[in-house]
Each structure stands twice: as C-alpha cells, then as structure tokens.
Amino acid sequence: MSEETQAVQEESQQPIFAVQKLYVTDISLESPSAPNAFMEQEQPEFNIQFRNQARGFDNGFFEASLTVTATAKAEDRTVFLVEVTQAGLFQIENVPETEMDPLLGIGCPSILFPYLREAVSDLTTRAGFPPLLLQPINFEGIYMQQRQQAAAQEANEQTTH
C-alpha cells in the first residue's frame, strides 16, 4: 500500500461531527389569562421542564432535539405556557460507539440550547410578557446523573432476581 493510499484511508477514518441544519420542530405559546394577566402585579411562579431526544438516520445523520415546556402561574391561573422544540441535524461518522451517547446527550444539546433559549425569550416578549431567560444548563452533569441512576437501577434489578 502506497503512503498516499494509506494517508487517504486514514483521513477517511477521521471522526466527523458537523452541524448540517438547525431548526424548530414545534413552537407553541398560550396566554389564557390575557389581557387580565397584564393588569396584575403578582409575580408568577415558573415550572420549567426539559426533554432531550436523539435518533439516527442512514449515512451517519442524527437528529437531536431539545424541548422546553415553561409554565407561568399566578395563584391557580396559567399566565402563559410556552413550549419549544429546537432540533438539529448532525452528521456524525467514525466516532467510537462508546462516545456516541455522550455526544448525543451532551454535545448536541449544548449546541441547541442557545437557539432554544432565544426562541423562548422572543416568544414570551412577543406575547407581551418580560422575556423568559432560561438559565444555562450543565448537560454533562445531567448526563452523568442519568448514567448513575441507570447503573443503580440495573444493580438493584440484578440483586432482586
């Protein structure tokens, strides 16, 4: 094998991680108590939940999505509810199988989060409310916690059988 052929072969085995497209797959805002909500002085309480998903396609393409559901309530009334799913199409090739889960669970959501944050802020502003600024998220910490919980659950299931 010539040096040139070997160099081409080694280059073709280099890991590839590329963002192909960023897009919103779902966006929703409800403000059931408008316009009364604008006349109240009470600070709403927020409930914010995130969901991260990923799925693979042919030819090394993966879609990762990050969904936020944020609900603002004053007493028992919903002031607003906003839900946004920010997604991305990623090309991932020649990455070891052991690194795929962290890449899809940490790397991709970290790229998507600023776009999700901007969409939520923009939506709440357009609805007439102050911008809802999502706080930064430690996706690595969440990923590690989920892995520890899964390992503990697996160990617990093995001891009960």
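**Exercise 1. Determine how Arg126 and Asp122 are placed relative to each other in helix 3, and characterise their interaction.**

Step 1. Arg126 and Asp122 are both located in helix 3, four residues apart, which is about one turn of the helix. Helices (H or I, at least four residues) and strands (E, at least two) are DSSP runs, numbered from the N terminus.

Step 2. The model is predicted: local features need pLDDT of at least 70, side-chain atom pairs count only at pLDDT 80 or more, and totals for chains, interfaces and linings use all residues. Residues are numbered from 1 along each chain as its sequence is written, and side-chain values use heavy atoms, with hydrogens and water left out.

Step 3. Arg126 forms a salt bridge with Asp122, with the closest N and O atoms 2.8 Å apart. A salt bridge is a side-chain nitrogen of Lys or Arg within 4 Å of a carboxyl oxygen of Asp or Glu.

Step 4. Arg126 is exposed, at a relative accessible area of 67%, whereas Asp122 is partly exposed at 36%. Buried means under 20% relative accessible area, exposed over 50%, and partly exposed in between (1.4 Å probe, protein chains only).

**Exercise 2. State how many salt bridges a search of the whole structure finds, and identify which parts the pair Asp101 and Arg147 ties together.**

Step 1. The search of the whole structure yields five salt bridges.

Step 2. One of them joins Asp101 to Arg147, the closest N and O atoms being 2.8 Å apart. Because Asp101 lies in helix 3 and Arg147 in helix 4, the pair ties together parts that are 46 residues apart in sequence.

Step 3. Asp101 is partly exposed, with a relative accessible area of 38%; Arg147 is also partly exposed, at 34%.

**Exercise 3. Describe the hairpin of strand 3 and strand 4 and the salt bridges of Glu75.**

Step 1. Strand 3 and strand 4 pair in the antiparallel sense over 14 bridges. Two strands count as paired if DSSP finds at least two bridges between them.

Step 2. Two residues separate these strands in the hairpin, and Glu75 in the turn has a positive phi of about 55°. Ala74 stands opposite Arg77 in strand 4.

Step 3. Glu75 forms a salt bridge with Arg77, the closest N and O atoms being 3.5 Å apart. Glu40, Glu75 and Arg77 are linked in a network of such bridges. Glu75 is exposed at 60% relative accessibility, while Arg77 is partly exposed at 28%.

**Exercise 4. Locate Ile48 with respect to strand 2 and strand 3.**

Step 1. Ile48 belongs to strand 2 (residues 45-56), and its bridge partner in strand 3 is Ala70.

Step 2. Strand 2 and strand 3 pair in the antiparallel sense over 12 bridges. They form a hairpin with four residues between them, and Asn59 in the turn has a positive phi of about 60°.

Step 3. Strand 3 is mostly covered, as 12 of its 14 residues are buried. Ile48 is partly exposed, with a relative accessible area of 36%.

**Exercise 5. Identify the residues that touch the most other members of the largest nonpolar core, and the source of its largest share.**

Step 1. A nonpolar core is a set of buried Ala, Val, Leu, Ile, Met, Phe, Trp, Tyr and Cys residues joined through side-chain atoms within 4.5 Å. Of the 32 residues in the largest core, Val79, Phe80, Val82, Val84, Ile92 and Val120 touch the most other members.

Step 2. Strand 3 (61-74), strand 4 (77-93), helix 3 (97-126) and helix 4 (139-160) are the elements giving two or more residues to this core. Helix 3 supplies the largest share, 11 residues.
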